[in-house]
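Please open the model in your viewer and keep the sequence panel beside it, since each stop on this tour begins with a selection.

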Amino acid sequence: MELDAKIPPGPLDQKWVTYKSNCRLVNPSNKRKLEVIVVGTGLAGASAAASLAELGYQVKAFCFQDSPRRAHSIAAQGGINAAKNYQNDGDSVYRLFYDTVKGGDYRSREANVYRLAETSSAIIDQCVAQGVPFAREYGGLLSNRSFGGVQVQRTFYAAGQTGQQLLLGAYSALERQVALGQVTMHSRHEMMDLVVIDGKARGIIARNLITGALERHFGHAVLLCSGGYGNVFYLSTNAMGSNVTAAWKAYRRGSWFANPCYTQIHPTCIPVSGDHQSKLTLMSESLRNDGRIWVPRKPGDTRSPNLIPDEERDYYLERRYPAFGNLVPRDVASRAAKERCDEGFGVGPTGQSVFLDFMDATARYGRAEAHQRQMDAPTEEQVLDLGRELIREKYGNLFDMYARITGENPYLTPMRIYPAVHYTMGGLWVDYELMTTVPGLFALGECNFSDHGANRLGASALMQGLADGYFVIPYTLGNYLAGEIGTKTVPVSDPAFTAGEKAVEDHLNRLMAIRGKYSVDHFHKALGKIMWDQCGMARNQKGLEQAISGIRALREEFWKEVRIPGNSRELNPELEKAGRVADFLELGELTCVDALHRRESCGGHFREEYQTIEGEALRDDAHFCYVGAWEWKESAEPILHRETLEFEVMHPTQRNYK
Amino acid sequence: MNFTLKVWRQKDSGDPGHFETYPVTGILEDMSFLEMFDVLNERLIVEGKDPVAFDHDCREGICGMCSMYINGRAHGPMKATTTCQLFMRHFRDGETIVVEPWRAAPFPVVRDLVVDRSAFDRIIEAGGFISVNTGNAVDANTIPVEKDRAEAAFAAAACIGCGACAAACINSSALLFVASKVAHLSMLPQGFAERRSRVVQMVAQMDREGFGSCSNTRACEAECPKEISYSNIAKLNLEYLRASLSPQGPVVQKK
Ligand SMILES: Cc1cc2nc3c(=O)[nH]c(=O)nc-3n(C[C@H](O)[C@H](O)[C@H](O)COP(=O)(O)OP(=O)(O)OC[C@H]3O[C@@H](n4cnc5c(N)ncnc54)[C@H](O)[C@@H]3O)c2cc1C
Ligand code: SF4
Ligand code: FES
C-alpha cells in the first residue's frame, strides 16, 4: 500500500480552507443514526466527543480512570500556544507554523502544521467562552508568556495548571452532552481490542474494570484519543496509567505505527532520588523564562550553590546558544545537561542533575517592585523578599510541588533538575484527515504522530489535542461518514465481535495462567532501564542492537514468570498493568528497531554516530526525510513504509539556536 | 523507616470489610505515601496474597484520583496535600498508620480503598458548564475580565474533584465541591447567562445523590488539598438566593 497523506492541493495557506469548503457533509437526520466511538477523554477525546455530539452524532466515550476529568491532560502545566499576536511582537500564523516545523527538526508534514497554526486562535476563543480562567493583565485582557524554541510571547496559561483548566473546560462540554443524552460515558473501561469488519473499523472490545466483564461496542467510526506511550520507559512524567494499549491493538489490526523512536526527554524534571521511584515530576518549561541553568566550573564541586561565585559557574546554555539562551528547544537543552553531567560537572548526591537558579530573576523583580513602591535604598534582603513574592505569584504551585517532593526550599536555594521522558512524538500514522491506515479508524492528540516531527515545542501538545478535537475531526469525520450513511448498525452478535471478544479473553486467560515469580512492576522497571540506557537521550548502533535482544529475552521471561494475583472477573489493577506492560514489551522493541534504522540524528532522536563537531544533531535529508511507518506482521519482522516529506515553503537547514 | 499499617480490606461492595495489619520495613523518607503502598503490594504479590487496591494516576496532586483516609483525615495530616504528594518524611518512624477509604454514603466502596465517585460527574452534568457549542465563540479578548476576578475564578476552578470535602464532613456534604464550580462559573461574565439555572440544578442533583447538608463545621476547607475557600459556599448561597428571588423565579433548563 502506498502511503497517501491526502494533502489537499493548492497553496499552503489555502489547503484547509479549500478542504473545508469541499468536504462532504452529513445531514442532521443522518447524523442521529451514526454512532461514533471515542477512546480517551483527554483534551483530544473530550473535545472531539463534545463537538461531535453537539453536531448530532451518537457518541460513546471511554476512559480507564473513574471520571473523564482525570485524563492525563489534567497534569499539563505551562501553557498553550496560539498565533493571536496579542502582544504585537511579530507573531503570525506563518511564524507559529515556521517555529513548529523548525522545532520539529524538519520531520513533520507542512500542511498539517500549517492547519494547526491556523486553528490555534479559535481554540483560545472557545476555551475562554467555556469559562477557562486564563491569566490576565490589569486591563482585563489575556496575558502571555514565552516558551522554548521561539522568540515571541504566544503562550496562554492558567498559573501552572493550564492543562487542568483546559481539560475541565472540555470535560464540562462533554458532561453537558452526557446530560443531553448525546454521549454515553463509559468510565473505568479499557479498550482491549479493535474490531475490523470488511477492512473498516467497526467497534471495540472493552473491559469493564470494576466487574472484569468484556463488552462489545459498535461504532460507524472509531476515534483513538488514548494519549502517549512515554511509560514504555517506566519512569516518565506521565501519569501511572498512561499506556499504549489502545494504539498497539490498533497497530496489530492493521494501523501503521509511525516514528516510534521520536521520544521527547524534557530538560527540567525533578531528578531521580532512588530505586523506589514510581514516577518523575516535571517542573514546567515556563520556569526557563526566569530560571538560569548552570553547573559549577569545577567538576565535583560540592559547595552549597549559593556559595559558588558567579565567575565559577558555567551557564552552559547561555554560553553555547547566546540567541536563545535558556530558552532553546527541549531536545537541545536536555542533551546539553547530559553532556555536562557525563563530563563530571553534575551536582547533587548522584551527580545527575544541574541547577535551575531563580536568584537573578528574584532580584530583578524585587528591584522593580521596590521602585514601584517608591522604597528608598531597600536592603538586599528586602529586595529579595519582594522578588520572592512575585516569583510565588507566577510559579507558586510549582515551587510548592518541588519543596514537597524534595524537602528543599527553592526560594532560597536553586532547584536541581535533570531530563526525563515526557512526550512521544511518534504514534499511529494518520493522513491529513487524521485517519489511520484502517479506514474508519482515526487517531487524535498525542496518540497520533502528526504535527511535531522529531521534537515537540512547549505548549503545543495542548494546542494540537484541542485543534484535532474541536476543529479538525468535526470536518474530516463528516467527510468519511458521508459515505457510511447507508451502513446499518452491526449487531454485536456478529461473528467479528464474537471473535474479537474471544481473542481478548484468551489473552487475559494466558496472562492469568502464568502465576510466575515476579510482579508486573519488576518487568516494567527492567524494560524501562533498557530503554533509558540504550534508547534514551543518546543512542548508537551497538546499544540498540543489545536493547533489541534484551527486550526480546525480557518479553519471553515475562510470559513465563509474571505473577498476577486474583482473577480476571474483578477489579484487578495488577492485571490491568500486566496487559499494558505486555504491549510496552512489544512497543519497546519496535522503538529500538525504528531508532536503529534511522541512521541520522534529528530532534529527540540522537544517534551518537551522527553529530556535528560541536555535538549538535546531524540530519541526513538525502536519505531520511520521510515518516517511517511500520506495519505489523504476525511472527515476522515489521515492514517499513515511507511517506516522503515534501517541503514546499520551508527549506530544511540545520537548526540554529545560536 | 518502619511502620505498622492498618488497612481497610473489602473484597467488593457486598463485603462488610475489615482492617488488616501489615508491618512495612525499609521505607525511605523520600518515598511518597503511595510508593510505600507499592512496596507493600510488591511484597503481598510475591507472597501470593492479594495486593491492596487503591486509586491513583498522576501522582502529582492534580488528577484527583488518589483518595486515602489516613489516621482519620482525608489525604492525611499535611495541609493542602493530596495522598500522592504526602511523603514519608512527614511521619514518625515506627508509627502505626490507619488507612481507610472515603466514607460517605454517596461514595460506595468498590474494593479496599477504591470508591465510586461518579456522583460528582452527575452533579457537573446537572449544570457545571457554560452552554457554548464549538465554533460559537467570539474573539477571546472581546470581553475583558478584571484580573482579580479572573484569579478568584481560577482559585475556585482549581478543585480536583477528589471528594475529600465530602469524606471529611460529618454530614457527608459535598457543598464545597459544588460551590467551587458554581463560584468559578458565576464569577466570569461568560457564565452569567446560566447563573440561575446552574446553581439550582446542581444543588438539586447534589441532594438527589444523597449528600448531606452543610452545618458550617468547615472540615471541608481544612482537608481540601487545593485549599478551596469556604467563602465559595457563601457565594453559592448568594447565587441560590438570587436565583430564587429573581422575578422569573429559579429557572431549570429543558433538555
Ligand atoms: C507533566 C506534563 C506536563 C505537560 N505540560 C504541557 C504543557 O504545558 N503544554 C502542552 O502543550 N503540553 C503539555 N504536556 C503534554 C500534554 O499534556 C499531552 O500531550 C496531552 O495532554 C495529551 O492529550 P491527549 O488527549 O492526547 O491524551 P491524554 O490526556 O493522555 O488522555 C488519554 C485518554 O485516553 C484514555 N485511555 C488510554 N488508553 C485507553 C484504553 N486502552 N481504553 C480506554 N481509555 C484509554 C485515558 O483514560 C484518557 O482519558 C504535558 C505533559 C505532561 C506529562
Ligand atoms: S473542593 Fe477540595 S476536597 Fe472537595 S473535591 Fe474539590 S479539591 Fe477535593
Ligand atoms: S494521584 Fe493524581 S492527585 Fe493524587
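Select α14(A) and α16(A) in this predicted model, and look along the pair, whose axes come within 10 Å and cross at roughly 20°. An angle under 35 degrees counts as roughly parallel, and α14(A) is therefore roughly parallel to α16(A). The sense in which α14(A) passes α16(A) is left-handed. To see what lies between the two helices, show the side chains of A:Val520, A:Asp521, A:His524, A:Leu527, A:Met531 and A:Cys535 on α14(A), and then those residues of α16(A) that they meet, namely A:Glu574, A:Lys577, A:Ala578, A:Val581, A:Phe584, A:Leu585, A:Gly588, A:Thr591, A:Cys592 and A:Ala595. Coloured by class, the residues of this contact divide into ten nonpolar, three polar and three charged.

Next, select A:Asn572, which is found in the loop between α15 (541–561) and α16 (573–597) of chain A. Is this residue buried or exposed? With a relative accessible area of 4%, A:Asn572 is buried. If residues up to four places away in sequence are set aside, A:Asn572 touches A:Arg207, A:Leu209, A:Met512, A:Ile564, A:Pro565, A:Gly566 and A:Asn567. Add A:Ile210 to the selection as well, for A:Asn572 and A:Ile210 are 362 residues apart in sequence, while their C-alpha atoms are 8.0 Å apart in space.

Move then to A:Arg515, in the loop between α13 (495–514) and α14 (520–535) of chain A. The phi of A:Arg515 is near 50°, a positive value in a residue other than glycine, and its relative accessible area of 41% makes A:Arg515 partly exposed.

A second residue with such a backbone angle is A:Asn85, which has a positive phi of about 55° although it is not a glycine. Select the loop between β3 (80–81) and α4 (93–103) of chain A to find A:Asn85 in its place; at 29% relative accessibility, A:Asn85 counts as partly exposed.

From that loop, continue into α4(A) and show its buried residues, which are A:Leu96, A:Phe97, A:Asp99, A:Thr100, A:Val101, A:Lys102 and A:Gly103. What do the buried residues of α4(A) pack against? Their partners are β3, α5 (110–130) and α12 of chain A. Just after α4(A), stop at A:Asp105, where phi takes a positive value of about 55°.

Keep α12 (residues 461–481) of chain A in view and add α1 (residues 15–22) of chain A, since these helices pack at an angle of about 45°, with their axes 10 Å apart. That angle makes α1(A) oblique to α12(A), and the crossing is left-handed. On α1(A), the residues to display are A:Trp16, A:Tyr19 and A:Lys20, and on α12(A) they are A:Phe471, A:Val472, A:Tyr475, A:Thr476 and A:Asn479. By class, the contact of α1(A) with α12(A) has five nonpolar, two polar and one charged residues.

Now hide chain A and turn to chain B, which has eight helices and seven strands. The C-alpha trace of chain B spans about 65 × 40 × 35 Å along its principal axes, and 58% of its 255 residues count as buried. Among the contacts in chain B with a separation of 6 or more, 69% are accounted for by residues 24 or more positions apart.

Within chain B, select helix α6 (residues 195–208) and helix α8 (residues 231–245), whose axes come within 9 Å and cross at roughly 115°. α6(B) is thus roughly perpendicular to α8(B), and their crossing is left-handed. Here B:Arg195, B:Arg196, B:Val199, B:Val200 and B:Val203 in α6(B) meet B:Leu236, B:Glu239, B:Tyr240, B:Arg242 and B:Ala243 in α8(B). The residues of this contact divide into six nonpolar, no polar and four charged.

For the last stop, centre the view on ligand 2 and show the 13 residues around it, of which B:Cys159, B:Cys162, B:Gly163, B:Cys165 and B:Cys224 come nearest. The elements that give two or more residues to this shell are α4 (164–168) and α5 (175–187) of chain B. By class, the shell around ligand 2 has eleven nonpolar, two polar and no charged residues.

Conventions. Residues are numbered from 1 along each chain as its sequence is written. Chains are lettered from A and ligands numbered from 1 in the order in which they are written. This is a predicted model: local features need pLDDT of at least 70, side-chain atom pairs count only at pLDDT 80 or more; totals for chains, interfaces and linings use all residues. Side-chain values use heavy atoms; hydrogens and water are left out. Axes are lines fitted to C-alpha atoms, for helices over the stretch in contact, and angles run from 0 to 180 degrees between N-to-C directions. Helices (H or I, at least four residues) and strands (E, at least two) are DSSP runs, numbered from the N terminus. Angles under 35 degrees count as roughly parallel, over 145 as roughly antiparallel, 65 to 115 as roughly perpendicular and the rest as oblique. A crossing is left-handed if the near helix is turned anticlockwise from the far one by less than a right angle, and right-handed if clockwise. Contact means heavy atoms within 4.5 Å. Ala, Val, Leu, Ile, Met, Phe, Trp, Tyr, Cys and Pro count as nonpolar, Asp, Glu, Lys and Arg as charged, and the others, Gly among them, as polar. A residue is near a molecule or strand if one of its heavy atoms lies within 4 Å of it. Buried means under 20% relative accessible area, exposed over 50%, partly exposed in between (1.4 Å probe, protein chains only).
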